[in-house]
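Please work through the exercises below with the sequence and the coordinates side by side, and try each task before reading its solution.

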Amino acid sequence: EGLLQPVKLGKSELYKVPTNEELSHLKETENLFHSNLLRLQIEELLKEVTLKEKRKQRIEAFLHEISALLNNVPEVPARDITDQSWLPKGVKVPILQLPFKVKGKFHFLPPAQVKVVGSYLLGTCIKPEVNVDVAVIMPKEAFQEKDNLNQRYHRKRALYLAHLAQHLAETNRFGSVAFAYQNGNHLKPIVLLQPQGKDAKTVKVHLHACPAPGVFRPLRLHPSKNNIRTAWFTEKDSPGTG
């Protein structure tokens, strides 16, 4: 008693015709894996790296919380890009601002849309380090006609992320709020968010600030176009540059 006993199958069960699902499984093994052993190894590997449903639920709850907070970030009146006095002390703009002088206005408006992108959305996100990419769409009204020139777009994007990070940090709902650079590119800052307490290692969310569709004409971004004015970059501005 208490020992596992082999299951006894009758002749009808032992020799019954395979179902369509079983035939499909056998065909798949033959064509894709070439052996049952390889298939079993891959299935075991997938079990090790695939996210469990319970963890997915915690991640989804965290993403919903972030989305709600982002949609309620207060507006900041339009100011010169170089006037950054509205940022609280200790909040740094995550971009190298050289030369510092640049034309244009920065007007913070709540995101037009917040959406999950990348591997998590496609269902290909794996353990142990779970990173979820979230696109924060900056509204068209936050941009001006010549923002493609002289790093104006990059400065506005960095200021936008700085304000988001400052607002999220003040809510005290995150274990960590920090800046990083996508692929090490200092022109592409992102905000990293982690949950508090025991859920800190559950997920790391990457916030990417992106312009709304149609903000820039594709022609202005052609490789043959130069969007950096020499006079501005060398700080030998004439009245019409910057």
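Two exercises on this predicted model follow, each with a worked solution.

**Exercise 1.** Determine which strands pair with strand S6 and in which sense, and then place S6 relative to the nonpolar core.

*Solution.* Begin with strand S5 (residues 176–181), which runs antiparallel to S6 and is joined to it by six bridges; within this pairing, Val177 has Leu193 as its bridge partner. Turn next to strand S7 (residues 204–211), which pairs with S6 through three bridges, again in the antiparallel sense, and here Val191 stands opposite Leu207. Then consider burial: five of the six residues of S6 (residues 189–194) are buried. Finally, look at the largest nonpolar core, which has 44 residues and in which Val132, Leu193, Val205 and Leu207 have the most contacts. S6 and S7 are among the elements that give two or more residues to this core, while H6 gives the most, with nine residues. Val205 touches, among others, Val191, Leu192 and Leu193, as well as Phe62 and Val132.

**Exercise 2.** Classify the ring pair of Tyr153 and Phe216, and decide whether each residue is buried or exposed.

*Solution.* The ring centres of Tyr153 and Phe216 lie 5.6 Å apart with their planes at 85°, so the pair is edge-to-face, given that planes over 60 degrees apart fall in that class. Now locate the partners: Tyr153 belongs to helix H6, whereas Phe216 sits in the loop between S7 and helix H7 (230–233), 63 residues apart. For burial the cut-off is under 20% relative accessible area, so Tyr153, at 17%, counts as buried, and Phe216, at 16%, counts as buried too. As a last step, note that ring pairs link Phe143, Tyr153 and Phe216 into a cluster.

Technical notes:
Residues numbered from 1 in each chain as written. Predicted model: local features only at pLDDT ≥ 70, side-chain atom pairs only at ≥ 80, totals over all residues. Heavy atoms only, no water. Buried < 20%, exposed > 50% of the residue type's maximum accessible area, 1.4 Å probe, protein only. Helix = DSSP H or I, 4+ residues; strand = E, 2+ residues; numbered from the N terminus. Pairing = 2+ DSSP bridges. Core = buried A, V, L, I, M, F, W, Y, C linked by side-chain atoms within 4.5 Å. Contact = heavy atoms within 4.5 Å. Phe/Tyr/Trp six-rings, centres within 6.5 Å; stacked < 30°, edge-to-face > 60°. Lists of a residue's contacts leave out its neighbours within four places in sequence.
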